[in-house]
Amino acid sequence: MRHLLSPLDLTVEEIEKLLDLASDIEKNPDKYKDTCRGKKIATLFYEPSTRTRLSFETAMLNLGGNVIGFADANSSSASKGESVADTIRLVSCYADICAMRHPKEGAPLVASLHSGIPVINAGDGGHQHPTQTLTDMMTIRSLKGRLNNLTIGLCGDLKFGRTVHSLINSLVRYTGIRFVLISPPELRLPDYIKEEVLLANNTPFSEVASLDEAIRELDILYMTRVQKERFFNEEDYIRLKDCYVLDKEKMAMAKDDMLVLHPLPRVNEISVEVDDDPRAVYFKQVQYGVYVRMALILTLLNITV
Ligand code: NCD
């Protein structure tokens, strides 16, 4: 039995295979519509979510399966003090696979140690978010045609942004990747990721505070929300929340084929006037998220079509 807790749980070959499967699902959805008949996914969400939970549920429904779960820890027995270990033991009796989001780093890992079914990490605190990374990779591969030889700007909250952490972990395995880390000093990428991931893989990167300076050279601009829920005091959040706003003026400085990605939800960091720009692909990204989650469910359940 396999789990997906970190993007590194999949080898580069397995990721390529999964993305190929996701592309086939995109082209031939009918071929897959009954492949999970009789199967259930449990979505265990201890933290707010719109896209991730709904896309897991849509993915399973598109495969002909069913969905159970909760969208709020307060409506589950967690509010009575039940541990993640106990919850997963009983969910293993109800469902065939589960996706878990939790505010505590490592909670899906703990769940996997007590689980009788595959556990997918749907975001654990400020740590990892591997299925968003698969989504981001499918978006880049589909629209750019490659996952190598790219200059990628990561902009915003690089300290708490788990989607950024997972994306870096995954893309350092490709050749010709260069990162431009764009953040205010307070929200810089944690040192452990710089040391254990970027430096350890000899991946070139630079750290800058100005988006204007960086935008001209980018092939991909990955915008992120300042993660309000991870701040220890509100004053810091208020001071930093609007540190970057991507608008038409900034887009005019970018390459004609630069893509703008964002895991969403967006707050103020991308002005709505950018939405009509053909380079803004964050809503397409949402659709790719359904295909990769369909491919992932089939892969972890060992269902071949
Ligand atoms: C992200 C998350 O939950 O980490 N959202 C998502 O899953 N698409 C990004 C965010 O909340 O800012």
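How many salt bridges does a search of the whole structure find? In this predicted model, the search finds 21 salt bridges, and the views below begin with the two domains before turning to single side chains and the ligand.

**View 1. The two domains of the protein chain.** The domain assignment divides the protein chain into domain 1, made up of residues 7–128 + 287–300, and domain 2, which covers residues 130–285. The C-alpha centres of domain 1 and domain 2 are separated by 24 Å.

**View 2. The interface of domain 1 and domain 2.** On one side of the interface 35 residues of domain 1 are in contact with domain 2, and on the other side 28 residues of domain 2 take part. The size of an interface is often expressed as the accessible area that is lost when the parts come together. Between domain 1 and domain 2 about 2600 Å² is buried, with 55% of that area on carbon and sulfur atoms. Across this interface there are 19 residue pairs in polar contact, counting pairs in which both residues have pLDDT 80 or more, and the rule also finds four salt bridges between the domains.

**View 3. The side of domain 1 that touches domain 2.** At least two residues of this side are supplied by each of α1 (12–27), α2 (51–62), β3 (97–102), β4 (119–124) and α11 (282–300). Helix α1 contributes nine residues, which is the largest share. By residue class, the side of domain 1 that touches domain 2 comprises 15 nonpolar, twelve polar and eight charged residues.

**View 4. Salt bridges of R141.** The side chain of R141 meets that of E16 in a salt bridge, with an N to O distance of 3.1 Å. R141 also forms a salt bridge with D20, where the closest N and O atoms are 2.9 Å apart. The pair of D20 and R141 links distant parts of the chain, since D20 belongs to helix α1 and R141 to helix α5 (residues 130–144), with their positions 121 residues apart.

**View 5. The surroundings of the ligand.** The residues around the ligand are R51, T52, R101, H129, Q132, R162, T163, R225, Q227, P263, L264 and P265. A polar side-chain atom of T52 lies 2.8 Å from an oxygen atom of the ligand, and a polar side-chain atom of R225 is likewise placed 2.8 Å from a ligand oxygen atom. For Q132, a polar side-chain atom lies 3.2 Å from a nitrogen atom of the ligand.

Technical notes: Residues numbered from 1 in each chain as written. Predicted model: local features only at pLDDT ≥ 70, side-chain atom pairs only at ≥ 80, totals over all residues. Heavy atoms only, no water. Domains from an automatic or database assignment. Contact = heavy atoms within 4.5 Å. Buried area = accessible area lost by both parts, 1.4 Å probe. Polar contact = N/O pair within 3.5 Å; in protein donor to acceptor, adjacent residues only side chain to side chain. Helix = DSSP H or I, 4+ residues; strand = E, 2+ residues; numbered from the N terminus. Nonpolar A, V, L, I, M, F, W, Y, C, P; charged D, E, K, R; others polar. Near = heavy atom within 4 Å.
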